[in-house]
Amino acid sequence: MKDNLSRRSMLGAAAMAPLATPALAQGGARTLSLVTSWPRDSLIIPQSAERIAATITQLTNGQINFEVFHSGEKVAPFEVQDAVGAGAADCYHSVEQYFIKKHPAFVYFSAVPFGMVPHEMSGWLKFGGGQALWDELAGQFGVTALMAGSPGAQMGGWFPKPINTRADLEGIRFRIPGAAGQVYAAAGVETVNLPGSQLVDALFGGEIDAVEWIGPYLDLDYGFVKLLPHYMYPGWHDPGGIRSFGVNKALFDSLTETEREIFRLAASRENSLLEAELNKLNGESVVSMKREYGAETHKFPKDFLADLYRLSQETMAQTAAHDALAGRIHESYFAYVQTVAEYAAVSSSAYLEARNGALNLAEVSVYD
Amino acid sequence: MGGAVRRRSFLTHAAAVSGTAALATPALSQGRQEVRLATTWPRDFPGLGTGAQRVADRITLTSEGRLTVKLFAAGELVPAFDSFDAVANGDAEMYHGADYYWQGKHKGFNFFTSVPLGLTAKELNSWVLFGGGQQLWDQLSGEFGIKPFLAGNTGVQMGGWFRNPVTSLDDIRGLRMRIPGLGGETLRQLGAEPVSLPGGEIFAALQDGRIDATEWVGPYNDLAFGLQKFLKTYMYPGFHEPGTAIALGINKAWWDSLPEADQLLIQACAETENDMMIAEYNANNGASMRELAAEHDVTVTPFPREVWDEIARVGDQVVADVAKGDLLGARIYNSYQRFRRSVAGWSEISDQAYLRARADAFGTG
């Protein structure tokens, strides 16, 4: 996904009252501001941010409350990290790839082409040295950030026809931002970056011919299927879209150890909840978009993916070359993902292929 | 898994129990309550025991000691498999264990841990947390006075250790394999002789020929256990436990007596472990698998298709039969199966297709 704003986004939002949880006059109770990159009325993701805030409030017995400002209500969606780093807001809920102009290595903490799926990301951050690297990077910008859930593996995008070769992309203006956009651009595709709020108009106006957003449930809400029935997979470019909960570093460091643990817990809990919630909704949506809206899912061919993998490596190598820290993050990230990819091939991946194939639960089998 | 617990626990438990008998009731003083957490794991058992300890420590820390959780490893307060009864009876407030250990009380408990050909960790989270599973679990455990939560998952387990690769269904016939529960029943129907053995007896049974093969957990635990010293063929995919969920079971009367804030705190700590444990396994399984192959001459190989397909067919039927004749069991099974059907198409085009594409790209497929 990348760009946050849903079509229903910002116009009405500014007028809406923030979700204030007024602090009761207990000793030391305070209210922090939480700014998000999501329009208040978009589905699932803003509620995920609010759930994190509510968990912290409840677990601190009301000592830490939040006033939540969704996209544009206080800060523009891409500027939430700036605001928190400067102390203009206390916390943000976003995806780190929105900040790659500040430092390209932020991409490693959100979505890397052919990179980690969410539970692998969690493993790298908590048991593989990743969090220390994130602290070092975000610390340069006055922020401490935590992994706070994921919508799960994304889809490869909506197209007017099945995409089997790079030639099929000729003449298609494709809305796809971030590292994936760079890779497609390197493949000669005309890429466009538009906020979510403009996608439907851009499609009807002919400004774009294809679009990548998130996954079945959230995409179905936009209705892309009506214009672009061909839904490509896998989403090689974004295997997790990791959400981050960022806190002003001076503020985070001033918290008690108990409070810091409550912040970590509230973010970590979301790793269990958000992906599980969307997984259920995506499962139902895949079925209904095929049955009721005539969507066709197609797999990107192996050769096409091999080509894009090569281009992805070049793009990521440029990111790694940015500075020494980017180089260290890149090395740690890819050492981890290479190791776990070998294991995934004999565990979760092999199991799903074998189960779905043998029981005819889905369409392909590991043995085909 | 099925018996990951038993290995060291029962060796020491007799001595340990007498030493802890004095801890009978939760102490209440100055707003601080001691909460007894009985686990089915040896202390600090990698992944499972460490996970239980994280749950205990997190509750104590985030409640600022209002709920001070004292963890009892298997056998320290009660034997591992008595943990459920201990909590139901109020001899402990909570247990951390795999709910299929209680399948003797009700077969429905299998579905809240893992069943052959069942849901992966992510799919199970979806079913329990957002697909109606929690309500059914509440009803089932509630019949025994327990309130359950998900509190960890090991991820997909491996298919097991063998002397030689299984190349045909003939190799399964007569195979003496240590594999408990529904996985064992599946292989029994295919002509194997499944054996249920505590972990502590596995090495001896391999040495004296009582068994030829065994399953355990996955590379992280299996390497530490030392199975590679006895068997060199490690097969995949694991059909019997595709995502082993670990439960935090809580005495319901005690739970109901807690203020809402403390209930949320315990629930949030359990849900957090649902993230942490699979992360710990993920961070260690890959490296352990590399070590098994590179330093211990272990061959990692898949079940041939005709073997897998037959295991899958029989295993799925074993699961369908498990809850027959019981209304709640049938409702649990139906809900679980409906969910698997509704999510499988999505799993196929998301995680399954993505991981395959990545393995192809990396050349590790």
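## A walk through chains B and A

Let's start with charge: chain B carries 33 positive and 42 negative charges, and the mean positions of the two sets lie 1 Å apart. Keep in mind that this is a predicted model.

What about the overall build of chain B? Its secondary structure comes to 13 helices and twelve strands. The radius of gyration is 20 Å, close to the 21 Å that the globule rule gives for 365 residues, so chain B is as compact as a globular protein of that length. If you draw a box around its C-alpha atoms along the principal axes, you get roughly 65 × 45 × 45 Å.

Now look at how chain B is packed. Of its 365 residues, 64% count as buried, that is, under 20% relative accessible area. Take the contacts in chain B with a separation of 6 or more, and 77% of them turn out to link residues 24 or more positions apart. As for the outside, chain B exposes about 12,000 Å², and 50% of that comes from carbon and sulfur atoms.

Over in chain A, zoom in on strand 1, which spans residues 30–36. This strand is mostly covered, with five of its seven residues buried. Which strand does strand 1 of chain A run parallel to? The partner is strand 2 of chain A (residues 64–69), and six bridges join the pair. For one spot to find on screen, go to Leu34(A): its bridge partner in strand 2 of chain A is Val68(A). While you're there, remember that side chains in a regular strand alternate between the two faces of the sheet.

Definitions and conventions
Residues are numbered from 1 along each chain as its sequence is written. Chains are lettered from A and ligands numbered from 1 in the order in which they are written. This is a predicted model: local features need pLDDT of at least 70, side-chain atom pairs count only at pLDDT 80 or more; totals for chains, interfaces and linings use all residues. Side-chain values use heavy atoms; hydrogens and water are left out. Helices (H or I, at least four residues) and strands (E, at least two) are DSSP runs, numbered from the N terminus. The radius of gyration is taken over C-alpha atoms; the globule rule is 2.2 Å times the number of residues to the power 0.38. Buried means under 20% relative accessible area, exposed over 50%, partly exposed in between (1.4 Å probe, protein chains only). Contact means heavy atoms within 4.5 Å. Accessible areas come from the Shrake-Rupley method with a 1.4 Å probe; for residues, only the protein chains shown count as cover. Lys and Arg count as positive and Asp and Glu as negative; His and the chain ends are not counted. The place of a charge is taken as NZ of Lys, CZ of Arg, CG of Asp or CD of Glu. Two strands pair if DSSP finds at least two bridges between them.
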